[in-house]
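This short report looks at one sheet and the strands around one of its members. Please view the fold before reading on.

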Amino acid sequence: MPDSDHHHTEIPDWRPADAGPEFAVTIRRGIPARQAAAPARATPAPRAPSLDEYADGIARRDPALLAKAITLVESDAPAHLDKAQALLALIAPRTGRSVRVVITGVPGAGKSTLIETLGTHLCSIGKNVAVLAVDPSSSVSRGSILGDKTRMEKLSRHPNAYIRPTPSGDALGGVARKTRETLLVCEAAGFDVILVETVGVGQSETAVRSMVDFFMLLTVTGTGDELQGIKRGSLELADAIVVTKADGPNKLPAEVTTRMMADSLHYLAPSTPGWTSRALACSALTGEGVPQLWETVNEFASLMRRTGALVERRRLQNLAWARAMLAGEINRRFYEQPAVAARLAQWERDILDNKTPVTAAVRSLLATGEKNP
Ligand SMILES: Nc1nc2c(ncn2[C@@H]2O[C@H](COP(=O)(O)OP(=O)(O)OP(=O)(O)O)[C@@H](O)[C@H]2O)c(=O)[nH]1
Ligand SMILES: [Mg+2]
């Protein structure tokens with residue numbers, strides 16, 4: 001617009017050609033950037049927040065700093081590791097006060113929709129809610145995470161809520177480490193409840209089980225193979241089985257399935273000692289049964305706090321986490337040794353060709369590592 005520099009108003013191009021003076025709309029152009037800019041001053045490169053600024057922002061639940069802190073903690077860049085760990089140490093005294101809940105189930109089970117409804121309910125009763133949507137790094141859910149912000153539209157606009165998609169690297173351990181530390185950052189920010197959404201695919205459930213207090217397994221009805229749809233393994237992990245989408249023509253079948261689930265829970269050892277796992281029906285669409293989900297989690301949390309089982313569970317989870325991380329680290333360091341890396345391909349070929357007995361081969365490779373640390 002060459003002439004907008006002197007005439008700051010224009011006629012909009014959607015104005016009918018024959019419009020009269022009743023058409024009062026004009027466009028006022030903004031001031032061109034070169035006039036508006038402050039006299040030549042180099043814009044400084046954005047400075048990374050200091051540890052105290054991060055900690056402060058987290059304590060104030062400042063969304064921008066919270067997001068940056070989580071990005072730092074999730075970063076795989078070696079340059080970020082020390083700072084991330086220093087930050088986690090700094091905020092550690094403020095962690096541990098949230099109720100940690102995982103909501104899992106097969107793709108399309110209705111996890112995100114339920115989190116939207118449950119989260120909004122929690123906000124409405126004055127709770128602060130953080131949602132971590134974990135991508136289990138399988139192709140199954142790629143893309144659906146992107147859709148989660150829209151599926152949780154109401155919740156994402158609520159001032160008491162914070163939604164964080166947590167993409168992951170390829171390693172399952174990576175998912176666990178990042179999610180766990182992200183969870184700690186959210187706890188330090190004072191969220192009362194942390195909801196972790198994860199697709200129930202094999203090992204990821206066990207990984208996520210080891211970092212939460214309450215395991216909520218979602219299932220749907222109407223397929224006729226409800227029980228096959230749930231692996232026995234995940235049934236055993238559940239503190240509650242939730243038959244969702246119990247609305248419309250699905251309501252009655254959902255109630256039947258819920259009773260069936262309750263029966264099958266009878267035959268399993270409880271997922272949490274001292275707690276009887278429950279089967280519940282709800283609809284994220286109508287909201288029916290959703291407050292009861294929270295009452296169940298709350299009852300569980302109060303009971304576990306009273307008996308000390310919560311503290312104990314978290315202590316054991318921490319130890320298991322430390323052991324797993326140590327094992328991973330030892331593994332990584334071993335294979336990174338040049339002497340080991342140089343020998344590995346031949347070592348594998350020798351085993352394939354039956355040239356060395358396996359035990360002897362393993363001892364020999366370990367010895368290579370130990371000789372050249
Ligand atoms: N009728 C009904 N439909 C629902 C309900 N909850 C979810 N749905 C529908 O089920 C579909 C899947 O819901 P999502 O919440 O995206 O499921 P999800 O488990 O998060 O899916 P992934 O993240 O892809 O694994 C959507 O089309 C929802 O509209 C419910 O309570 N009632
Ligand atoms: Mg989802």
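Which residue of strand 8 does Thr219 stand opposite? Thr219 faces Val243. The model is predicted, and the account below starts from this strand.

Strand 8 covers residues 240-243. Strand 7, residues 214-219, runs parallel to strand 8. Four bridges join the two. Strand 8 is also joined to strand 9 by four bridges, again in parallel. The opposed residues are listed here.

| Residue | Stands opposite |
|---|---|
| Leu218 | Val242 in strand 8 |
| Thr219 | Val243 in strand 8 |
| Val242 | Leu280 in strand 9 |

From strand 8 the chain passes through helix 12 to strand 9. This β-α-β crossover is right-handed. Helix 12 spans residues 251-266 and lies across strand 8 and strand 9. Its direction is at about 175° to that of strand 9.

Are the two faces of strand 8 covered or open? Both are covered. Ala240 and Val242 are buried on one side. Ile241 and Val243 are buried on the other.

Now the whole sheet. It is open, with seven strands in the order 5-4-6-3-7-8-9 and parallel pairing. Why is one side of strand 5 and of strand 9 left without a neighbour in the sheet? Strand 5 (161-166) and strand 9 (278-281) stand at the edges, and each has a single partner strand, so one side of each lacks a neighbour there. On average, neighbouring strands of this sheet are turned by 20° against each other, direction ignored.

Methods:
Residues numbered from 1 in each chain as written. Chains lettered and ligands numbered in written order. Predicted model: local features only at pLDDT ≥ 70, side-chain atom pairs only at ≥ 80, totals over all residues. Pairing = 2+ DSSP bridges. Axes fitted to C-alpha atoms, helices over the stretch in contact; angles between N-to-C directions. Contact = placed C-beta atoms within 7 Å. Buried ≥ 20, exposed ≤ 12 C-beta atoms within 10 Å, placed from the backbone. Right-handed = clockwise from strand over helix to strand, strands pointing away.
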